[in-house]
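Biologist: Please take one part of this model and go through it closely with me. I'd like to hear about the surroundings of whatever is bound.

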Amino acid sequence: MNEADSEGIAAAFRRRGYTLTEDIKKADAVVVNTCTVRQKAEDKAISQIGRLRVWKEKRPEGKIFVVGCAAQKLGGKYLKNRFPFVDEVVGAKAIEQFEDSLIRQLGPSPETETSHQNIYRSPQTAYVTIMRGCSHKCSYCIVPAVRGPAVFLSPEAVLADAQAKLAAGAKEIVLLGQTVNAYRHNKTTFDRLLRKVLQLPGLERLRFMSPHPLYFDGAFEALLAEQPKLARHIHLPAQSGSDKILKAMRRGYTSGEYLNLIARLRLAAPGLAVSTDFIVGYPGETEKDFKDTLAMVEAGRFSLAYCFKYSPRTDQPEMAADLPNEELENRLERLLAAVKKNSLLVLNERIGKIEEVLFETENYGRASGNFAVRVKAGGAPGRMERVLVAGAEKNTLNGKIQ
Ligand code: SAH
Ligand code: SF4
């Protein structure tokens, strides 16, 4: 989400004739797009802002913008007080009005043509935001507080954005939202929106992130079965394998319901890759609860799992982290080891099979299942090729173009 916001911000700068630079010494303006989903992210943002003091001293006419979720949480007053050299603070809830701050600092846009440009993904992949905020109340999560309740963009706005990005050369679209499959705008449900995007000329592959287990239905399963351009990969955060912890987290499903759901999705799309997120050390997580999460890694046959140490986002005493850091580290390590072992098994199952690969360079691309794929030669940016997989190592498949 933050990456998509950064791309929107970069586009606003480009409309004023600015270009991106990796070299801060050459920059006329700096934007710090902050995250606060875990305390560590917020701490990093704060120290990044602090380091800009020296830059501003050397370049007093330079502009500093602090934007995003940590900016929303901490507030403009606090940030400007602590860092008086910051010119503008734009919180996540006001991110769509970023252009107003830009006008305040740099004047109105000269209306130059802007091209679609990716900062984070390869040029053939473009993010398209379909919803902002979140209306869930997962107990550990700060997103609803800093991004506000769920707001769905109209299908017209989504299609116009996707169309513009495809016209500018994107081949793959990633639809974004915190509960992306909860999408609904009047009569347009998630599966209907996907159908419309799938019809856009130039589209080779459609992804979305992140769905919530509560919102998949038969209509989506039918679409997955019939539309090969819909990626054979779903990133579906599970958070825990323990029903007790899932309940405390207010996720709304049990581990059994989650596993049944991915079994159904795999029935609709054989070979579907599923990746996930886990949190370790949620308050009250016992060794038995943790073992349930380890068991889920095997049962889910995940291609990948992002594992996070629980980070308290409120001051409520019952939400404090209650495990000693040593034990937290120990569980995280065991979980990461289980994930790694399991991912390698999943990767090895692909050997001898054909993968549809969207190439980013001559040698590298991504399979529909989101696996990184390497070949010795024959790829080209933006080209889709069939690759016969010969081997697997370190999260990467290798093979030969057919
Ligand atoms: N909307 C998505 C998740 C968005 S946050 C969903 O519901 O699935 C991205 C990930 O950060 C979450 O899946 C979770 O694993 C992790 N996360 C969120 N809050 C956290 C916290 N307080 N401590 C540790 N990890 C957290
Ligand atoms: Fe946070 Fe996702 Fe839960 Fe929303 S659904 S509260 S974003 S974890």
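Modeller: Here is a walk through the ligand surroundings, followed by two loops with unusual backbone.

A word on the ground rules: this is a predicted model, where local features need pLDDT of at least 70 and side-chain atom pairs count only at pLDDT 80 or more, while totals for chains, interfaces and linings use all residues. Residues are numbered from 1 along each chain as its sequence is written, chains are lettered from A and ligands numbered from 1 in the order written, and side-chain values use heavy atoms, with hydrogens and water left out.

Let's start with ligand 1, which has 14 residues around it (a residue is near if one of its heavy atoms lies within 4 Å). Tyr140, Gln178, Gln239, Asp277 and Ser311 are the closest. Sorted by class, that shell holds six nonpolar, three polar and five charged residues (Ala, Val, Leu, Ile, Met, Phe, Trp, Tyr, Cys and Pro are nonpolar; Asp, Glu, Lys and Arg are charged; the others, Gly among them, are polar). Strand 12 (273-280) and strand 13 (304-309) each put at least two residues into the shell; strands here are DSSP E runs of at least two residues, helices are H or I runs of at least four, and both are numbered from the N terminus.

Now the polar pairs, N or O atoms within 3.5 Å of each other. A nitrogen of ligand 1 sits 2.8 Å from a polar backbone atom of Gln178. One of its oxygen atoms is 2.7 Å from a side-chain N or O atom of Gln239, and an oxygen atom of ligand 1 is also 3.0 Å from a side-chain N or O atom of Arg251. As for cover, 91% of the 540 Å² of accessible area that ligand 1 has on its own is covered by the protein (Shrake-Rupley, 1.4 Å probe).

Tyr140, Gln178 and Arg251 turn up again around ligand 2, along with Cys134, His136, Cys138, Cys141, Val143, Pro144, Thr179 and His212. By class, the ligand 2 shell has six nonpolar, four polar and one charged residues.

On to the loops. Ser210 is in the one between strand 10 (205-209) and helix 9 (218-226), and the peptide bond leading from Met209 to Ser210 is cis, with omega near -15°. Arg250 lies between helix 10 (243-249) and helix 11 (255-268), and its phi is positive, about 60°, although Arg250 is not a glycine.

Methods: Polar contact = N/O pair within 3.5 Å; in protein donor to acceptor, adjacent residues only side chain to side chain.
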